[in-house]
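Visitor: I'd like a close look at one part of this model. Could you walk me through it slowly, starting with a single side chain and working outwards?

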Amino acid sequence: MFEFHRLNEQGQAKAVRIQALFEDLVKQLGSVVGHGEMGVEWARGMDRLEEACFFIKKSMAVQARNQERAQDAPRGAWDS
């Protein structure tokens, strides 16, 4: 549950793509709503989108095909 996943190049590219899709969505929504009229509701919506982006990235990161193999991962201070 609390583990982290080291992404391989494919996984990193997917993470960047997911982020770009969410950023595009925010820009499009902002242009529809009107940039000068964003209030508390907008902030709440952005909180939910940030959370959604996190879980979408996590759903990608937990897939073995997007992770570095253990023997390829650099060893860190915690890996003793």
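Guide: Sure, and bear in mind that this is a predicted model. Let's start at Phe55, which counts as partly exposed because its relative accessibility is 47%, between the 20% and 50% cut-offs. Its partner is Phe54: the two form an edge-to-face aromatic pair, with 5.0 Å from centre to centre and 80° between the planes. The count of aromatic pairs here comes to one. Phe54 is partly exposed too, with a relative accessible area of 48%.

Now slide along to Ser59, which sits in helix α2, residues 40-61. A polar atom of the Ser59 side chain lies 2.7 Å from the backbone oxygen of Ile56. Ser59 has a relative accessible area of 40%, so Ser59 goes down as partly exposed as well.

Ile56 takes us to the other helix, since Ile56 is among the α2 residues that meet α1. On the α2 side the list also includes Trp42, Met46, Leu49, Ala52, Cys53, Lys57 and Met60. Facing them from α1 are residues including Gly11, Ala15, Ile18, Phe22, Leu25, Val26, Leu29 and Val33.

How do the two helices sit relative to each other? Helix α1 covers residues 9-33, and the axes of α1 and α2 come within 10 Å and cross at roughly 160°. That angle is over 145°, so α1 and α2 are roughly antiparallel to each other. As for handedness, the crossing of α1 and α2 is right-handed.

Methods: Residues numbered from 1 in each chain as written. Predicted model: local features only at pLDDT ≥ 70, side-chain atom pairs only at ≥ 80, totals over all residues. Heavy atoms only, no water. Helix = DSSP H or I, 4+ residues; strand = E, 2+ residues; numbered from the N terminus. Buried < 20%, exposed > 50% of the residue type's maximum accessible area, 1.4 Å probe, protein only. Polar contact = N/O pair within 3.5 Å; in protein donor to acceptor, adjacent residues only side chain to side chain. Phe/Tyr/Trp six-rings, centres within 6.5 Å; stacked < 30°, edge-to-face > 60°. Axes fitted to C-alpha atoms, helices over the stretch in contact; angles between N-to-C directions. Parallel < 35°, antiparallel > 145°, perpendicular 65-115°, else oblique. Left-handed = near helix turned anticlockwise from the far one by under 90°. Contact = heavy atoms within 4.5 Å.
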